[in-house]
Amino acid sequence: MPDITLISGSTLGSAEYVAEHLEEKLTEAGFTTEVLHGAELDELTPEGIWLIVTSTHGAGEIPDNLQPLFEQIEQQKPDLTQVRFGAVGLGSKEYDTFCGGIKTADRILQDRGAKRIGDRLEIDVTEHEIPEDPAGVWIESWINLIKND
């Protein structure tokens with residue numbers, strides 16, 4: 001089992017690029033990782049550390065490739081009290097549903113007992129042409145939280 005499972009949801013690929021960048025940083029820091037683009041519940045172990053990286057689709061929704069996972073969590077109601085997770089969202093502040101995808105994912109995971117590690121990162125893609133940059137800064141402090149936990 002990897003130390004950290006990165007789970008990405010993306011419509012145009014930006015969140016996948018961010019997840020892969022964060023995987024590199026985590027590997028450099030000595031963690032074993034696994035990246036799942038558009039995971040489903042039966043692919044995940046209900047324990048350990050998950051890092052959710054998702055864009056926002058449509059009217060503030062989770063992208064289509066990640067929607068099944070969160071629908072399965074809401075329907076099957078698994079016990080996620082042994083899951084700790086990080087949350088990284090991409091969106092545009094031009095919309096009032098800014099980072100709605102990660103906010104929904106965050107809420108669903110916490111409703112099932114998962115505990116978020118640190119603050120949620122919300123990246124405004126209109127301010128950050130390369131969303132990997134703010135994510136790279138954020139992951140350094142997130143890694144420290146994990147190591148000191």
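This tour visits two helix pairs, a pocket and two loop residues in a predicted model.

**First stop: helices α1 and α4**

Please select residues 14–28, which form helix α1, together with residues 132–147, which form helix α4. The axes of these two helices come within 10 Å and cross at roughly 40°. The angle is neither under 35 degrees nor in the range 65 to 115, and α1 and α4 are therefore oblique to each other. The crossing in which α1 passes α4 is right-handed. To view the contact, display the side chains of Tyr17, Val18, His21, Leu22, Lys25 and Leu26 on α1. Then add Glu132, Ala135, Gly136, Ile139, Glu140, Trp142 and Ile143 on α4. Coloured by class, the residues of this contact divide into eight nonpolar, two polar and three charged.

**Second stop: helices α2 and α3**

Next, select residues 67–76 for helix α2 and residues 100–111 for helix α3. Their axes come within 10 Å and cross at roughly 30°. Angles under 35 degrees count as roughly parallel, and this description therefore applies to α2 and α3. Here α2 passes α3 in a left-handed crossing. On the α2 side, the contact is made by Phe70, Ile73 and Glu74. On the α3 side, the residues to select are Ala105, Arg107, Ile108 and Leu109. By class, five residues of the contact are nonpolar and two are charged, while none is polar.

**Third stop: two loop residues**

Most residues other than glycine have a negative phi. Two residues in loops may be inspected with this in mind.

- Lys77 is placed in the loop between α2 and β4, the latter spanning 83–91. Its phi is near 50°, a positive value in a residue other than glycine.
- Cys99 is found in the loop between β4 and α3. Although Cys99 is not a glycine, it has a positive phi of about 55°.

**Last stop: the largest pocket**

Finally, turn to the largest pocket. Which residues lie nearest its centre? Select Ser55, Thr56, Leu90, Gly91 and Val125 to find the place. These five belong to a lining of 17 residues. The volume of the largest pocket is about 310 Å³. A surface display is suitable at this point, and colouring by class shows the character of the lining. Six of the lining residues are nonpolar and eleven are polar. No charged residue is part of the lining of the largest pocket.

Note on methods
Residues numbered from 1 in each chain as written. Predicted model: local features only at pLDDT ≥ 70, side-chain atom pairs only at ≥ 80, totals over all residues. Heavy atoms only, no water. Axes fitted to C-alpha atoms, helices over the stretch in contact; angles between N-to-C directions. Helix = DSSP H or I, 4+ residues; strand = E, 2+ residues; numbered from the N terminus. Parallel < 35°, antiparallel > 145°, perpendicular 65-115°, else oblique. Left-handed = near helix turned anticlockwise from the far one by under 90°. Contact = heavy atoms within 4.5 Å. Nonpolar A, V, L, I, M, F, W, Y, C, P; charged D, E, K, R; others polar. 1 Å grid on protein atoms, 1.4 Å probe; cavity = no way out; pocket = protein on both sides within 12 Å on 5 of 7 lines; lining within 4 Å. Points joined across faces, edges and corners; volume = space filled by probe spheres on them.
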